Amino acid sequence: MAEDLTISKGTKEEQYSSLLPQIVALMEGETDLVANLANVVAALKEQFSWLWVGFYLVKNNELVVGPFQGPVACTRIRKGKGVCGTCWEQAKTILVPDVEAFPGHIACSSLSRSEIVVPLFDKGEVAGVLDVDSVDLNAFDAVDQQWLEKIVAAIAL
Ligand code: SME
């Protein structure tokens, strides 16, 4: 397994298409979930320099924070609460162009302006979410959704 990440400087699509095979290679042969999630967030943070990138995992019917990079974050989120709990409840990706316009958004960092949350599925059930926060308004679009969904699909749960 290569432990060096090659950072792409192209378009967003070029950046994701360079990153995805590297993320797959980082996880190859490793079965420990925390180890894999930690490398996924590190790779995303290195490539995109977002404010916060991390996972929340479903444990005892709550989302509990897992591997992440960025400012300290709230530890537990209930189903239906905030963007993460809404993603869990609806079992679909939630794009939030302006966090102030999302009712019930949980502000872990006052610097966060937009957000995308992608569900992780295990046998058809939501097992966790990937949460990404940006300091810029409107930072995420369908391209991010498509690629982040591919990245989480590559994680063996
Ligand atoms: N904003 C999220 C909470 C998690 S932090 O952004 C890391 C939410 O509304 O669920």
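A residue counts as buried here when its relative accessible area is under 20%. With that cut-off in hand, Ser-109 makes a good place to start: at 16%, Ser-109 falls on the buried side. Ser-109 sits in the loop between β4 and β5. Setting aside residues up to four places away in sequence, Ser-109 touches Leu-51 and Pro-71. Please keep in mind as we go that this is a predicted model.

Let us step back to the sheet. Six strands form an open sheet, and reading across it you meet them in the order β3-β2-β1-β6-β5-β4, with antiparallel pairing. β3 (76-77) and β4 (94-96) are the edge strands; each has a single partner, so one side of each is left without a neighbour in the sheet.

Now follow the pairings inward. Strand β1 (residues 52-59) is joined to strand β2 (residues 62-69) by six bridges, and the two run antiparallel. Across this pairing, Val-58 stands opposite Leu-63. β1 also pairs with β6 in the antiparallel sense, over six bridges, and here Trp-52 has Asp-133 of β6 as its bridge partner. On the next step, nine bridges join β5 to β6, again antiparallel; one landmark there is Pro-119, whose bridge partner in β6 is Val-129. Where β5 and β6 meet in a hairpin, two residues lie between the strands, and Lys-123 takes a positive phi near 50 degrees.

What lies across this part of the sheet? Helix α4 (residues 142-153) lies across β1, β4, β5 (114-122) and β6 (125-134), and runs at about 35 degrees to β5. As for β6, eight of its ten residues are buried, so this strand is mostly covered.

Leu-120, in strand β5, gives a closer view of this region. Its relative accessible area is 1%, so Leu-120 is buried. Beyond its neighbours within four places in sequence, Leu-120 is in contact with several residues, including Phe-55, Val-129, Leu-130, Val-152 and Leu-157. The C-alpha atoms of Leu-120 and Trp-88 are separated by 8.9 Å, although the two residues are 32 apart along the chain.

Phe-55 is worth a stop of its own. Not counting residues up to four places away in sequence, its contacts include Leu-37, Val-40, Val-64, Leu-120, Leu-130 and Ile-155. Phe-55 also belongs to the largest nonpolar core, which has 29 residues; Leu-44, Trp-50, Phe-55, Leu-130 and Leu-148 touch the most other members. Helices α1 (12-27), α2 (33-48) and α4 and strands β1, β5 and β6 each supply at least two residues of this core. Apart from it lies another core, of 16 residues, with Leu-63, Ile-77, Trp-88 and Val-126 among them.

Finally, what about empty space inside? Rolling a probe the size of a water molecule over the atoms shows where such space is left. The count comes to one cavity of 30 Å³ or more, and the largest cavity has a volume of about 160 Å³. Its lining is made up of 18 residues, and those nearest its centre are Ile-106, Cys-108, Glu-115, Asp-131 and Asp-133. Asp-133 is already familiar as the bridge partner of Trp-52. β1, α3 (82-90) and β6 each supply at least two lining residues, and α3 gives the largest share, three residues.

Definitions and conventions: Residues are numbered from 1 along each chain as its sequence is written. This is a predicted model: local features need pLDDT of at least 70, side-chain atom pairs count only at pLDDT 80 or more; totals for chains, interfaces and linings use all residues. Side-chain values use heavy atoms; hydrogens and water are left out. Two strands pair if DSSP finds at least two bridges between them. Helices (H or I, at least four residues) and strands (E, at least two) are DSSP runs, numbered from the N terminus. Contact means heavy atoms within 4.5 Å. Axes are lines fitted to C-alpha atoms, for helices over the stretch in contact, and angles run from 0 to 180 degrees between N-to-C directions. Buried means under 20% relative accessible area, exposed over 50%, partly exposed in between (1.4 Å probe, protein chains only). A nonpolar core is a set of buried Ala, Val, Leu, Ile, Met, Phe, Trp, Tyr and Cys residues joined through side-chain atoms within 4.5 Å. On a 1 Å grid over the protein atoms alone, a cavity is a set of points where a 1.4 Å probe fits but cannot get out, and a pocket is an open set with protein on both sides within 12 Å along at least five of seven lines; lining residues have an atom within 4 Å of a point. Grid points are joined across faces, edges and corners, and a volume is the space filled by probe spheres set on the points.
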